[in-house]
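Here's a walk through one protein model, from the overall layout down to a few backbone oddities. Have a look at the sequence and the structure first.

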Amino acid sequence: MASREEGKQRRRSEILRAARDLVRRGDTAFTMRALAEAANVSVATPYNLFGSKQAVMFAVLEHDLAAYARAVDDSAVPVPEVFFRAVDLAAEHYGRDPDYHRSVLFAAYNDGGREYRSLFAGPGHALWRGMVARGIDEGRLAPIVHPDPLAASLEQQLFACVLEWVRGELELEELVLRAHYGFALLLLGVVARAEDHSALATRLEALQARLLARWAARSGTPTPREDAARTG
């Protein structure tokens, strides 16, 4: 006979599945009652197991994060390149089902609160902290660096870009460029090897040129370098 905990986990899984189905059908404003009906559980069950709709959506994100974390680990890319690869994988993940991911992220983070703050303490933080700790252990990051603050800074840089994408203010291509640029700036001060510093500086310059060209094309105005070339 299934234990009480097994039954609880089964109901949690059914609620998360129902939440994904409702979002994919375009019902982003679903109520907890509708969620309970779709999961074939009592109305009280989603409240008892999660507490709020926002917490349900955050749990959906955490479940999806597990697959993303495996993809990052499987990439077998050394530090500091692994941080940029993690951004690329996130963009690929969102790009496969953008409407769904926008809806889930908006529902999870739009109201802030405990779920928003836990972004920097849960499985997501553990993923980034692990990458930073590996870089320190391998001598690729300066020993003065503590894994938690640097991981949080990298997360915040990426998450700020993701939220702009969720609001429709940023295309995925520019999300990647801007997150890469922010990462390069952060990492320039903490990489331990001269060759990594040189590679990051080169990357930063190339990213900067691409961003400026992109913004100039959008606004119709030349970048400072282009303007100087015309008048020089």
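Helices here are DSSP runs (H or I, at least four residues) and strands are runs of E (at least two), numbered from the N terminus. On that basis, the protein reads α-α-α-α-α-α-α-α-α-α-α-α along the sequence, with 12 helices and 0 strands.

A word on ground rules. This is a predicted model, so local features need pLDDT of at least 70 and side-chain atom pairs count only at pLDDT 80 or more, while totals for chains, interfaces and linings use all residues. Residues are numbered from 1 along each chain as its sequence is written, and side-chain values use heavy atoms, with hydrogens and water left out.

**Overall packing**

Call a residue buried if its relative accessible area is under 20%, exposed if over 50%, and partly exposed in between (1.4 Å probe, protein chains only). Buried residues then make up 44% of the 232 residues in the protein. The protein exposes about 12,400 Å², and carbon and sulfur atoms supply 52% of that area (Shrake-Rupley method, 1.4 Å probe; for residues, only the protein chains shown count as cover). Taking a contact as heavy atoms within 4.5 Å, residues 24 or more positions apart account for 65% of the contacts with a separation of 6 or more.

**The core**

A nonpolar core is a set of buried Ala, Val, Leu, Ile, Met, Phe, Trp, Tyr and Cys residues joined through side-chain atoms within 4.5 Å. The largest one has 71 residues, and F83, W128 and L141 touch the most other members. Helix α4 (residues 53–74) gives the most to this core, with 11 residues. Leaving aside residues up to four places away in sequence, L141 touches V79, F83, V132, G135, I136, L150, L187, V190, V191 and A192.

Helix α4 also holds Q54. Q54 is buried, at a relative accessible area of 14%. What does a polar atom of the Q54 side chain lie 2.7 Å from? The partner is the backbone oxygen of A108. A polar contact is a pair of N or O atoms within 3.5 Å; within protein, one must be able to donate a hydrogen and the other to accept it, and residues adjacent in sequence count only if both atoms are side-chain atoms.

**Two helices up close**

In α2 (residues 32–39), M32, L35, A36 and A39 are buried. They sit on the same side of α2 because they cover an arc of only 100° around the axis, going by the directions from the helix axis to the C-beta atoms. R33 and E37 are exposed on the other side of α2. Cover for the buried residues of α2 includes α1 (4–24), α3 (44–49) and α4.

Helix α5 (residues 81–96) buries V82, F83, F84, A86, V87, L89, A90, A91 and Y94. Their cover includes α4, α6 (98–109), α8 (123–137), α9 (147–166), α10 (172–188) and α11 (194–219).

**Backbone oddities**

Most residues other than glycine have a negative phi, and most peptide bonds are trans. Two residues with positive phi are tabulated here.

| Residue | Loop | Phi | Relative accessibility |
|---|---|---|---|
| N40 | between α2 and α3 | about 60° | 71%, exposed |
| A76 | between α4 and α5 | about 50° | 66%, exposed |

The loop between α4 and α5 also contains P80. A cis peptide bond joins V79 and P80, with omega about 5°.
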